[in-house]
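Colleague: I would like a close look at one hairpin in this structure, and then at the parts around it and elsewhere that help to place it. Please take it step by step and keep it plain.

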Amino acid sequence: MAQEGTREVDAFVKAQTDRQTLRFITCGSVDDGKSTLIGRLLYESKNIFDDQLKALESDSKRYGTQGERVDLALLVDGLQAEREQGITIDVAYRFFATDKRRFIVADTPGHEQYTRNMATGASTAHVAVILVDARKGVLVQTRRHSRIVSMMGIRQVVLAVNKMDLVGYDEKVFRAIESDYRAFAADLGFEGLRSIPLSGLDGDNVINRSERMSWYSGPSLLGCLESVEIEEGSNMGPFRMPVQLVNRPDLDFRGFCGRISNGTVRPGDAVRVLPGGVRTTVKAVIDGFEAVEAADAGTSVTITLDDEVDASRGDVLVGADTPAEVADQFEARLLWMAEHAMSPGRQYLLKSACKEVTATVTGIKYREDVDTGAHLAAKTLELNGIGTVHLSTSAPIVFEPYARDRVLGSFILIDKLTFETVGAGMIQFALRRASNIHWQALEVDRGARAQLKHQTPRCIWFTGLSGSGKSTIASLLEKQLHAEGKHTYLLDGDNVRHGLNRDLGFTEADRVENIRRVAEVAKLMVDAGLVVIVSFISPFRSERRMARDLFAEGEFIEVFVDTPLEECERRDVKGLYAKARRGELTNFTGIDSAYEEPQAPEVHVRTMRSTVEESVEQVIRSLT
Amino acid sequence: MGMKQLESESIEIIREAVATARNPVMMYSIGKDSSVMLHLARKAFHPAPPPFPLLHVDTTWKFKEMYAHRERMVRESGVRLITHTNQEGLAAGIGPFTHGSNYHTDVMKTQALKQALDQHGFDLVFGGARRDEEKSRAKERVFSFRSEGHRWDPKAQRPELWNLYNTRIRQGESIRVFPISNWTEQDIWQYILQENIPIVPLYFAAERPVVRFNGQWIMVDDDRYPFKEGEQAVMKKVRFRTLGCWPLTAAIESEADTLEAVIAETLNARGSEREGRMIDSDEPGSMEKKKQEGYF
């Protein structure tokens, strides 16, 4: 017994070490039978334990959709809400193994509203199994998922035509769907596309070849997954390692920790630290507790360098003669994953490799029609939308095009206020504009100009609902400052819209651009030494934050003119509320567009309690 | 690809968490998964010790051999250990026999954990959960967010693409990080074998005093077992596939007294390792409910 056990363990350890792991996703439209198919794979490859089967039987009675039969989908749908509604909401990861390979399968949701969870599964997969219901053929969601699969760089695809039992195992049905899909997928860049007719419910062509479809001569789904080629980060490519953290327990040791994303590194190799570009030599490569002679792509290591070079989290170590690119303006493909549409001009946090910077989408080149792939003009990118955009970052980042390097080519966008992950991007190439336009350093600077005027330049930013009293307070403030001999300028929302911003409307995207331009103008004026008073509704926190970020600490004074909506509507000086209520004005702040109140304004004016004079007094006090 | 990739991925996750957290801590339950986690953490920061403490939420119902192993590992690794027990629960005499597994787990584990996290202000907590263990775990992200009050909302998880983890949180929120999400039970055993990682001897078969309780073998580890009239413990050669509170963790009859034999037995097992965990089968979806309330 003991000896037999040892032999078995030896065989197991060898198998574990040798067997590759294939990561794949199943995707496709709702009710195409994804969860059932995975349940079938687990069940038939004997990867289900007895107690799990027992639980499955009792669950099937309670939630099953298969009458008296066990419902294999319940092996995968793990959340209570999923079982109750009989749908998949979030991606589930399941593990199984055969003699040839280990598998990690991500079962992804078919509903359009959960597309971002599908993208999560796709981002780490080698192979995509795209399911189609034989009765329904290729649907919009099949095409949407195929586009995301292609965008994520998956090159190996299996088209699984499921529920063949419901079309009498008819070859003609299968061939028609196959040729339909091939025509659609022609420009998606799939290198390997195999089609398999199967039945997840009955198991035909899942593990074993089906006798009921003798007209099909290819492999079963499992056979296919066991033999498809796995593409990994290459050891042959140029060396790259993003620095995750600097390990410095004492003065004698300074190690750069990270996971090699590409290539191989050895002691003695010449490397550079990007974006700086300093050249140095690798002293030691530490893998776990050992110093090693070489480490390959995919390995987490600690590297020590010969010189005391300055490198920190977010920098990238690269082969000295094969550096990666560095830039702050890009063209990228973007998948939008938030309920709130993406508007150019708004700032987000961008995380790529181990670097976090502020990024702005400067423009949407086009969005893609998921159905046809056509390029369409767009001012915003909605939830689950895919587009090609231009981005600008607050600091240069080290990158590679996504097609060449998934680690240095991918990024996520994070909302600055909620910290939600709102976008997933793939860098295509750098835009060269930035490096050619340098800010002109001038002899006469802002300090000199301010001194001549005997004043401290400021940007006083009034925000509040339409009719809250911003303009009234702002103009009295300007009058008083002027009387005190200050050089001022008042930028009023309505006036600017007659000139500089007359091309902009009131959609969210236009409002963001409206504020961006005004903030930039205010910045130039502050630079010129003026006290600038801005009076704009500026309803969104993120835009006011963007404006604030343009100025030095203490230079930006946010004044919240706080008047209840009912009061603004009662006053309705310009008759706009009445119009909006009648539906003649859309996107009107307070009525059908949100006003996000400031959380910590420098000055909070409550107009129901103080007079205009008192309010002005309050602002002036904050300036000293 | 194989063990090396799994190890590298876990180390990458641990480092990413440490690089971005203000005040991280690692849950330490003394079991085999915790042993692997501690080993990975030591590798990730070698030659320095892991830059965070271990947290053991002590229900006071762990096996004696587990407490002994804990002391040994703390001594050998040089990592700081924080232990926390729900003092109110202890004073009220909460225990699995008197109050049932559900209530005991809620008060002495879930509530105790929340107390410890709040008391120390930890914003990031490493846990050793694996996706192959249980269905709701299979759905959880590697970086999993908890709102104020430590609640998990399974329907509003952040998308988690590539190995790009969004580590940003707001005041009062926290992150649970699961570095061995993609490991299976067999991977854990192989890694323990390959790396020669010390584990609690309870995983190996030995003669132990057991009683039949709710159809399973329970080891009588101290004098708190409420013997019925005429009932007494019998000696059987048993071992444990998973370790927790002794009254809630069933033993299996086994001859496997070496690591190799344990692995061989695991390879041929017909039941899942959580079969011996009584809290999973309380009611359908029970793990998901516990997790929503703050359980690991």
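**A hairpin in chain A and its setting**

Modeller: In the hairpin that S22(A) and S23(A) form, five residues lie between the strands, and Phe419(A) has a positive phi near 65 degrees. Bear in mind throughout that this is a predicted model.

Start with the two strands on either side of that turn. S22(A) covers residues 410–415, and S23(A) covers residues 421–430. The two run antiparallel and are joined by five bridges. One pairing to look for is that of Phe411(A), which has Gly425(A) as its bridge partner in S23(A). S22(A) also pairs with S18(A), residues 347–352, through four bridges, and this pair too is antiparallel. There, Leu349(A) stands opposite Ile414(A) of S22(A). S22(A) thus has S18(A) as one partner and S23(A) as another. Most of S22(A) is covered, with five of its six residues buried.

S22(A) also leads to the other chain. Ser410(A) falls within the 410–415 range of S22(A), and Trp162(B) touches Ser410(A). Leaving aside residues up to four places away in sequence, Trp162(B) touches Ser123(A), Thr124(A), Arg406(A) and Ser410(A). Trp162(B) sits in a loop of chain B, between strand S5 (143–146) and strand S6 (174–177). Is Trp162(B) buried or exposed? Neither label fits: 19 other C-beta atoms lie within 10 Å of Trp162(B), so it counts as partly exposed, the cut-off for buried being 20 or more. Within its own chain, Trp162(B) is 126 residues from Val36(B) in sequence, and their C-alpha atoms are 24 Å apart.

The contact between the chains can be taken as a whole. Chain A gives 61 residues to it and chain B gives 54. On the side of chain B that touches chain A, four helices each supply at least two residues: H1 (3–20), H2 (32–45), H6 (185–195) and H7 (259–267). H1(B) has the largest share of that side, with 10 residues. Sorted by class, the side of chain B that touches chain A holds 22 nonpolar, 19 charged and 13 polar residues.

Two of those helices also pack against each other. The axes of H6(B) and H7(B) are 10 Å apart, at an angle of about 165 degrees. H6(B) is therefore roughly antiparallel to H7(B), since an angle over 145 counts as such. Their crossing is left-handed. H6(B) brings Glu185(B), Gln186(B), Trp189(B), Ile192(B) and Leu193(B) to this contact, while H7(B) brings Leu259(B), Val262(B), Ile263(B) and Thr266(B). Among the residues of this contact, six are nonpolar, two are polar and one is charged.

Back in chain A, a further hairpin can be set beside the one you asked about. S8(A), residues 245–250, is joined to S9(A) by a hairpin through two residues. S8(A) and S9(A) are antiparallel, with four bridges between them, and Asn247(A) stands opposite Gly255(A) of S9(A). On to another partner: S9(A) is joined by four bridges to S15(A), residues 300–305, again antiparallel. In that pair, Val301(A) of S15(A) is the bridge partner of Gly258(A). S9(A), residues 253–259, is mostly covered, with five of its seven residues buried.

Note on methods
Residues numbered from 1 in each chain as written. Chains lettered and ligands numbered in written order. Predicted model: local features only at pLDDT ≥ 70, side-chain atom pairs only at ≥ 80, totals over all residues. Contact = placed C-beta atoms within 7 Å. Nonpolar A, V, L, I, M, F, W, Y, C, P; charged D, E, K, R; others polar. Axes fitted to C-alpha atoms, helices over the stretch in contact; angles between N-to-C directions. Parallel < 35°, antiparallel > 145°, perpendicular 65-115°, else oblique. Left-handed = near helix turned anticlockwise from the far one by under 90°. Buried ≥ 20, exposed ≤ 12 C-beta atoms within 10 Å, placed from the backbone. Pairing = 2+ DSSP bridges.
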